[in-house]
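Colleague: Please give a close account of one part of this model, the largest cavity, and then set it beside the other features that were computed. Which residues line the largest cavity?

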Amino acid sequence: MVALILAGCGTNPKTVTIKVVATTDVHGCIFNTDCVDASDREGSLAKFATFLARERKENRNVVYLDAGDVLQGSIEVYQDATSQFLRSPLVSEAYNYLDCEAIAMGNHDLSAGSAVYDRFMRALGCPVLSANLYYVESGDFLLPYRIIERHGVRIAVLGLTTPVVRYSIPQDQMAEISVGDMVRTAQKWVPVLRDELKADVVIGLFHSGLEEGRMDAEGVYEDDSRRVVATVPGFDAVIYGHDHEANCTSVVNCEGDTVIMINPGPYALNAAELTVTVDRENARVAASAQLVDITG
């Protein structure tokens with residue numbers, strides 16, 4: 001009987017529900033207290049940590065993602081980046097403590113400079129993703145995606161970064177990094193994730209706003225997430241940021257499928273909560289999402 005029970009525990013269930021929670025544009029708001037005037041912050045990773053601990057207590061399958069812009073914006077990260085501490089970066093320690101599983105590269109993360117983001121990534125326990133940032137001569141600058149598994153369900157997380165970095169960050173600071181079009185990059189990678197890597201769920205993790213924003217000389221908008229989802233089939237949901245507009249919406253793509261898009265907004269005032277249910281038997285994925293106010 002014990003052998004039969006153990007055998008049953010080892011099988012993957014036919015239906016798996018996964019809770020994906022996310023932040024974006026935290027901009028260094030790590031502590032609950034502002035380090036300049038000692039005032040209480042409305043949002044912070046400290047408050048998010050309380051929310052995340054509750055989610056993990058209530059749900060077995062929780063994945064935490066962040067859509068970028070974590071390295072600039074507060075006195076604690078500025079002091080940490082310019083100090084001579086012989087220790088891990090403060091931001092790396094915070095995201096490691098929260099067991100974050102992937103972060104998208106944001107424009108403010110790039111503009112912090114290679115000394116800062118290299119140090120951050122070396123100490124980070126998860127990958128920083130961006131499929132459309134690359135070295136012209138040697139290829140990938142960052143990992144384009146990460147595969148996360150929960151009870152046999154393969155979740156592919158594809159990272160993309162706003163094209164605004166082409167003209168908002170000085171070229172000498174960008175070094176040899178080039179920026180590819182978000183739509184063309186997604187068209188390349190989504191079939192790879194679906195067909196070659198056999199992902200059951202594909203989630204976009206974009207540091208680019210919903211639509212439009214500033215436009216570069218080539219007519220490319222900095223906020224391009226809606227166009228990616230509408231043009232490229234294969235996404236089950238997209239978590240995005242950059243435009244600092246908390247939002248939960250959906251887009252119908254070119255094949256008639258409805259895709260949820262959620263932006264938790266800046267400064268850890270809200271958390272994005274995405275529930276994904278995978279029906280293995282019928283090869284179906286259902287997703288729902290909501291914004292959760294975590295200021296309290």
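Modeller: The largest cavity is lined by Leu71, Val77, Asp80, Ala81, Pro89, Val91, Val116, Arg119 and Phe120. Helix H3 and helix H6 (114-123) are the elements that give two or more residues to this lining; helices (H or I, at least four residues) and strands (E, at least two) are DSSP runs, numbered from the N terminus. The model is a predicted one, in which local features need pLDDT of at least 70 and side-chain atom pairs count only at pLDDT 80 or more, while totals for chains, interfaces and linings use all residues. Residues are numbered from 1 along each chain as its sequence is written, and side-chain values use heavy atoms, with hydrogens and water left out.

The terms need their cut-offs. On a 1 Å grid over the protein atoms alone, a cavity is a set of points where a 1.4 Å probe fits but cannot get out, whereas a pocket is an open set with protein on both sides within 12 Å along at least five of seven lines; a lining residue has an atom within 4 Å of a point. Grid points are joined across faces, edges and corners, and the volume is the space filled by probe spheres set on them. By this rule there are 2 cavities of 30 Å³ or more.

The largest cavity holds about 70 Å³ of space. Its lining comprises 7 nonpolar, no polar and 2 charged residues, where Ala, Val, Leu, Ile, Met, Phe, Trp, Tyr, Cys and Pro count as nonpolar, Asp, Glu, Lys and Arg as charged, and the others, Gly among them, as polar.

Asp80 and Arg119, both named in that lining, also belong to a set of charged contacts. Asp80 meets Arg87 in a salt bridge, with 2.8 Å from N to O; the term denotes a side-chain nitrogen of Lys or Arg within 4 Å of a carboxyl oxygen of Asp or Glu. Asp80 is buried because its relative accessible area is 6%, the class being under 20%, with exposed over 50% and partly exposed in between (1.4 Å probe, protein chains only). Arg87, at 32% relative accessibility, therefore counts as partly exposed.

Elsewhere, Asp236 pairs with Arg194, the closest N and O atoms lying 2.6 Å apart. This pair links distant parts of the chain, 42 residues apart: Asp236 sits in the loop between helix H10 (225-231) and strand S13 (237-240), and Arg194 in helix H9 (residues 182-196). Asp236 is buried at 17% relative accessible area, whereas Arg194 is partly exposed at 25%. Returning to the cavity, salt bridges with shared partners join Asp80, Arg87, Glu93 and Arg119 into one network. The whole structure contains 13 salt bridges.

The second largest cavity has about 30 Å³ of space. Val70, Ile103, Ala104, Met105, Asp109, Phe120 and Val128 form its lining, so that Phe120 appears in the lists for both cavities. By class, this second lining has 6 nonpolar, no polar and 1 charged residues.

The open space is described separately. The largest pocket contains about 230 Å³. Of its 13 lining residues, Phe235, Asp236, Asp257, Thr258 and Val259 are the closest to its centre. Strand S15 (258-263) and strand S17 (284-293) each supply at least two residues of the lining, and S15 gives the largest share, 3 residues. The classes are 6 nonpolar, 3 polar and 4 charged residues.

At the surface, helix H3 (residues 75-82) comes up again, for Tyr78 is found there. Val36, Ile75 and Tyr78 make a nonpolar surface patch of about 330 Å². A patch is made of residues with over 30% relative accessible area and no salt bridge, like charges being joined within 9 Å and nonpolar side chains (Val, Leu, Ile, Met, Phe, Trp, Tyr) within 5 Å. Areas come from the Shrake-Rupley method with a 1.4 Å probe, and for residues only the protein chains shown count as cover. Tyr78 counts as exposed because its relative accessibility is 55%.
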